[in-house]
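Trainee: Can we go through this one together? I would like to start with the helices and then look at the empty space.
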Amino acid sequence: MEEYIVSARKYRPMSFDTVVGQQALTTTLKNAVKSGKLAHAYLFCGPRGVGKTTCARIFAKAINCQSPTADGEACGQCESCQAFNEQRSFNIFELDAASNNSVEHIKTLMEQTRIPPQVGKYKVFIIDEVHMLSTAAFNAFLKTLEEPPAHVIFILATTEKHKILPTILSRCQIYDFERMTVRDTIAHLKNVARQEGITYEDEALAVIAEKADGGMRDALSIFDQAVSFCQGNITYQKVIEDLNVLDAENYFQIVDLAVANKAMDIMLLLNSVINKGFDGGLLVQGLAKHVRNVLMAKDPQTLPLLEVSDQQRQRYQEQAKKCPVPFLYKALQLMNQCDINYRQSSNKRLLVELTLIEIAQITQPDDAPGSGRQPRRLKSLFKQLMQQPQPKHAVRQVAAAEPVASTPHKEDAPKSTSPQSASPKNVRSRQLVSSITNSWDVLRGKLKNKSTSLTPGDNPTSSASEGNRAFTQEDLQIEWLSMCNRMPQQLSGIATRMKNMNPVITELPAIEVTVDNQLALEQMEQIKGSIVSTLKRDLQNAAITLTLRVAEQKKGERILSRREQYEQMAKENPSIGKLRDLLDLNLA
């Protein structure tokens, strides 16, 4: 029985012309051989399985060829070429730096460089995985690499160029090998399949090429595995079964269902995929790549970026016609966010399901029944309410609504209500929500329009003419809080205290503020002029006066802060706390 040789070794290139996917690089090396302008050190770097060591051997063979061809290839007939093919050449040495990375190994190698070649012109030393050398070995190698004998050429190969010392890099000609394209990989696999007498489907070879991720050696290894499984007839279904690859048809179906807003059908498809043993994160990653390909197929200019078979490219173009560009952008954004959060998620399947449901709702109208987009519409509704101009008396509605804010106890509530008629509890809740919304709108508008900061000694002037407009207690409290929020950093301490103070209208427009202690009184006296000027401007009343006094210290009594006032109200009326949670409000 003939000895079996794996395809990666059996079909290893023996000349520059048979190297796949590195045309620019091999042309440069051939020109160097033709012209005789050879450097003393070369560095071949790139990902695994793209031909670094293979090109190093071909180059070493061409350098010592006694009669190279006109285009710089080795003749393959001379004594030097024959010795290389039979692995008995004394002019070409290979060293695996992964297992020979000590100083002693490098010193032994350096001693061999002193002996000139007996046949041929050069001694070529190929050091594979050179980044595995220790720092001491690099330093021992550095002097010889800087000034090698005239008959010595070094060819270094590595997959991790960043680990090599800069002093080594600066003494080498650096060649960066590229990853194999899917198209080049498919073409090479077809050539191998024809020589082996194996039948194949183009889509099956495309799956193998994508799985190889740019490495030809990996592609040939996967090819051998597929041949063993398929028994000489490589089909798409058998390949995806053998390699445990998710069928691309699932991705096409998910996108079609998402455009048609069929979220439930997508859930059934996801369930069948997970039942086959595939991970939800793998589905999201594959779907993201698929949507990216659909996006590239939208424009003829980006169509060459698709590294797929011709048949698959045609399917992408057909699906791209059905998918709006905004849908593809949003879908990619959602899947990217899902991929980021997938590892940290405690319920990974739910995360994937929510992501797919959101994708299925991208093109769905907001008013569609069962669209599941009510939260977005609610957010838009509140945004519109905030942007609408509110009447000045809107704030006063809060006070009017407060008496009806308290809800009856359960035992006082009616036992049954008609579905068609609203209960008094619901009416009061809506009134309270409306009042708080109006109050928040006014406060938001006022805070937004205030851009000045209060500093000691300031006398802000009103942009509008100051009059004697009447103002309410609610107006005063809103402007007081707005002023405290705009105070500069150096007054942050007194500003925090002022937020907890309650300014009171004693006799319009006279205002009185009660402070906790003498220290706070002294601090506020220093900025009293600025406070009065700010209130005159914001409340549009030039006759405002401000009186500061220290609170009477009564045993067992103290002034409650705004937070304590809220907590007391929430304790007496639990519906206030429920309303705060319902509206997701934060206490200022």
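Mentor: What follows takes two helices, then the cores, then a cavity and a pocket. This is a predicted model, in which local features need pLDDT of at least 70, side-chain atom pairs count only at pLDDT 80 or more, and totals for chains, interfaces and linings use all residues. Residues are numbered from 1 along each chain as its sequence is written, and side-chain values use heavy atoms, with hydrogens and water left out.

Trainee: How many residues does H10 have, and how far does it reach?
Mentor: H10 has 15 residues, 216–230, and spans 20 Å from first C-alpha to last, close to the 21 Å expected at 1.5 Å a residue. The expected span is 1.5 Å times one less than the number of residues. Helices (H or I, at least four residues) and strands (E, at least two) are DSSP runs, numbered from the N terminus.

Trainee: Which residues of H10 are buried?
Mentor: Among them are Met-216, Leu-220, Phe-223, Asp-224 and Cys-230. Buried means under 20% relative accessible area, exposed over 50%, and partly exposed in between (1.4 Å probe, protein chains only).

Trainee: What covers them?
Mentor: The cover includes helices H1, H8, H9 and H11, along with strand E7. Just after H10, Gln-231 has a positive phi of about 55 degrees.

Trainee: And H24, why call it largely enclosed?
Mentor: Nine of its twelve residues are buried, so H24 is largely enclosed by the rest of the structure. The buried ones include Arg-537 and Asp-538 as well as Ile-531 and Leu-535. Their cover includes helices H21, H22 and H23 and strands E9 and E10.

Trainee: What comes just after H24?
Mentor: Gln-540, with a positive phi of about 55 degrees.

Trainee: Switching to cores. Which residues touch the most other members of the largest one?
Mentor: Phe-44, Phe-59, Ile-208, Phe-223 and Leu-356, out of 94 residues. A nonpolar core is a set of buried Ala, Val, Leu, Ile, Met, Phe, Trp, Tyr and Cys residues joined through side-chain atoms within 4.5 Å. A second, separate core has 25 residues, including Met-487 and Leu-535.

Trainee: What is Leu-356 in contact with, leaving aside neighbours within four places in sequence?
Mentor: Ile-266, Met-267, Leu-270, Leu-283 and Leu-287. Contact means heavy atoms within 4.5 Å.

Trainee: Now the voids. How many cavities of 30 Å³ or more are there?
Mentor: The search of the whole structure finds one, with a volume of about 30 Å³. On a 1 Å grid over the protein atoms alone, a cavity is a set of points where a 1.4 Å probe fits but cannot get out; a pocket is an open set with protein on both sides within 12 Å along at least five of seven lines, and lining residues have an atom within 4 Å of a point. Grid points are joined across faces, edges and corners, and a volume is the space filled by probe spheres set on the points.

Trainee: Which element gives the largest share of the cavity lining?
Mentor: H16, with three residues. H12, H14 and H16 each supply at least two. The lining divides into eight nonpolar, no polar and no charged residues.

Trainee: How does the lining of the second largest pocket divide?
Mentor: Into 17 nonpolar, nine polar and eleven charged. Ala, Val, Leu, Ile, Met, Phe, Trp, Tyr, Cys and Pro count as nonpolar, Asp, Glu, Lys and Arg as charged, and the others, Gly among them, as polar. That pocket holds about 950 Å³ of space, and H14 gives the largest share of its lining, seven residues.
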